[in-house]
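This report describes selected side-chain pairs, nonpolar cores, backbone angles and strand pairings of one protein chain. The sequence and the structure are shown first, and the description follows.

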Amino acid sequence: LYFTGRDQTFENGDMVEHGEAGEVMGTFGDKGLAMLFPENDLLTDCRLTELSRDPPVPLPGGFRVGELLYFVGSDLCLDNNAVLKYGTRGEVVGRALPSVANGNGLKLKFPGLGGIAFNPLVLSRDEPPDDALSDDKYRRARRALAARKEQQECAAPQAAAAEDLEFEVEWRQRLADELIAEEAKASLGPQGRRTGKKKKKKKS
């Protein structure tokens with residue numbers, strides 16, 4: 001089975017990483033399994049929700065579950081009236097719902113705020129500069145960039161379909177022209193004259 005939880009390091013030096021495959025060695029309580037992962041000395045107790053028969057799908061942007069990222073978008077007012085401030089650090093917990101960022105969103109967990117879904121464009125591995133914390137133009141630019149990319153991603157399939165249709169129309173027209181030219185050529189004799197019989201003139 002594949003481990004789908006966050007990366008873990010234990011006191012004895014054993015490690016288990018997100019996406020790593022292990023061998024089932026027994027049960028762990030009522031809702032878990034004891035797993036043995038490569039190069040580990042001891043068994044790792046895993047919840048069933050942390051295991052899968054299939055390898056986990058890579059997260060957008062190359063991020064990993066358990067990774068700590070900075071929020072670099074504009075201050076975000078949440079439903080409970082709490083505010084997520086620019087520069088706050090959160091932990092990646094998985095992929096967001098398909099409705100977020102055209103299926104490329106991430107879900108992060110922040111202390112005291114719970115899980116929040118984001119477009120990866122407003123997330124960063126690097127700590128943002130202090131002088132940008134009060135620079136509203138910087139944050140608006142980041143938000144505009146994220147919105148523009150979403151629009152481009154939505155428009156890309158439509159543009160591709162339009163290009164395919166235009167190509168098919170041109171191809172059909174070119175094929176029709178070629179067929180007409182071949183028929184005209186076939187109706188001509190070796191010397192470029194029509195091969196049909198000449199009508200005899202009636203004698204007056």
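## Salt bridges

Asp 75 and Lys 85 are joined by a salt bridge between their side chains, with an N to O distance of 3.8 Å. Because Asp 75 sits in the loop between S8 and strand S9 (76-77) and Lys 85 in the loop between strand S10 (83-84) and S11, this pair ties together parts that are 10 residues apart in sequence. Asp 75 counts as partly exposed, at 36% relative accessibility, and Lys 85 is likewise classed as partly exposed, at 46%. The model is a predicted one, and the values in this report are computed from it.

A search of the whole structure finds five salt bridges. Among them is the pair of Glu 91 and Arg 6, whose closest N and O atoms are 3.0 Å apart. Glu 91 belongs to strand S11 (residues 89-95), whereas Arg 6 is in the loop between strand S1 (2-3) and strand S2 (8-9), so this salt bridge ties together parts that are 85 residues apart in sequence. Glu 91 has a relative accessibility of 12% and counts as buried. Arg 6, at 41% relative accessibility, counts as partly exposed.

Another salt bridge is formed by the side chains of Glu 67 and Arg 125, at 2.4 Å from N to O. This pair links distant parts of the chain, 58 residues apart: Glu 67 lies in the loop between strand S7 (51-52) and strand S8 (68-71), and Arg 125 in the loop between strand S14 (123-124) and helix H1 (136-186). Glu 67 is buried, because its relative accessibility of 18% is under the 20% limit. Arg 125 counts as partly exposed, at 43% relative accessibility.

The three salt bridges described above are listed here.

| Acidic residue | Basic residue | N to O distance |
|---|---|---|
| Glu 91 | Arg 6 | 3.0 Å |
| Glu 67 | Arg 125 | 2.4 Å |
| Asp 75 | Lys 85 | 3.8 Å |

## Nonpolar cores

The largest nonpolar core comprises 15 residues, and those with the most contacts inside it are Leu 69, Leu 106, Leu 108, Phe 110, Phe 118 and Leu 123. At least two residues of this core come from each of S8, strand S12 (106-110) and strand S13 (114-118). S12 gives the most, with three residues.

Leu 108 illustrates the surroundings within this core. Leaving aside residues up to four places away in sequence, Leu 108 touches Leu 69, Gly 90, Glu 91, Val 92, Val 93, Gly 114, Gly 115, Ile 116, Phe 118 and Leu 123. One of these contacts is thus Glu 91, the acidic partner of Arg 6 in the salt bridge described above.

A second core, separate from the largest one, has seven residues and includes Phe 3, Met 35, Phe 37 and Leu 51.

## Ser 124 and its contacts

Ser 124 is part of strand S14. A polar atom of the Ser 124 side chain lies 3.1 Å from the backbone nitrogen of Asp 126. Ser 124 also touches Leu 69, Tyr 70 and Val 72, not counting residues up to four places away in sequence. Leu 69 is therefore in contact with Ser 124 by the 4.5 Å heavy-atom limit, and Leu 69 is also among the residues with the most contacts inside the largest core.

## Backbone angles in two loops

Most residues other than glycine have a negative phi. Glu 39 is not a glycine, yet has a positive phi of about 70 degrees. Glu 39 is located in the loop between strand S5 (32-36) and strand S6 (44-47), and counts as exposed at 80% relative accessibility.

Asn 81, also not a glycine, has a positive phi of about 70 degrees. Its position is in the loop between S9 and S10. With a relative accessibility of 65%, Asn 81 counts as exposed.

## An open antiparallel sheet

Strands of a sheet pair through backbone hydrogen bonds, either parallel or antiparallel. In this model, three strands form an open sheet in the order S4-S5-S6, with antiparallel pairing. Strand S4 (23-27) and S6 are the edge strands, each pairing on one side only. On average, neighbouring strands of this sheet are turned by 40 degrees against each other, direction ignored.

S5 and S6 run antiparallel and are joined by four bridges. Leu 33 has Cys 46 in S6 as its bridge partner. The loop between S5 and S6 is the one that holds Glu 39.

Definitions and conventions: Residues are numbered from 1 along each chain as its sequence is written. Side-chain values use heavy atoms; hydrogens and water are left out. A salt bridge is a side-chain nitrogen of Lys or Arg within 4 Å of a carboxyl oxygen of Asp or Glu. Buried means under 20% relative accessible area, exposed over 50%, partly exposed in between (1.4 Å probe, protein chains only). A nonpolar core is a set of buried Ala, Val, Leu, Ile, Met, Phe, Trp, Tyr and Cys residues joined through side-chain atoms within 4.5 Å. A polar contact is a pair of N or O atoms within 3.5 Å; within protein, one must be able to donate a hydrogen and the other to accept it, and residues adjacent in sequence count only if both atoms are side-chain atoms. Two strands pair if DSSP finds at least two bridges between them. Axes are lines fitted to C-alpha atoms, for helices over the stretch in contact, and angles run from 0 to 180 degrees between N-to-C directions.
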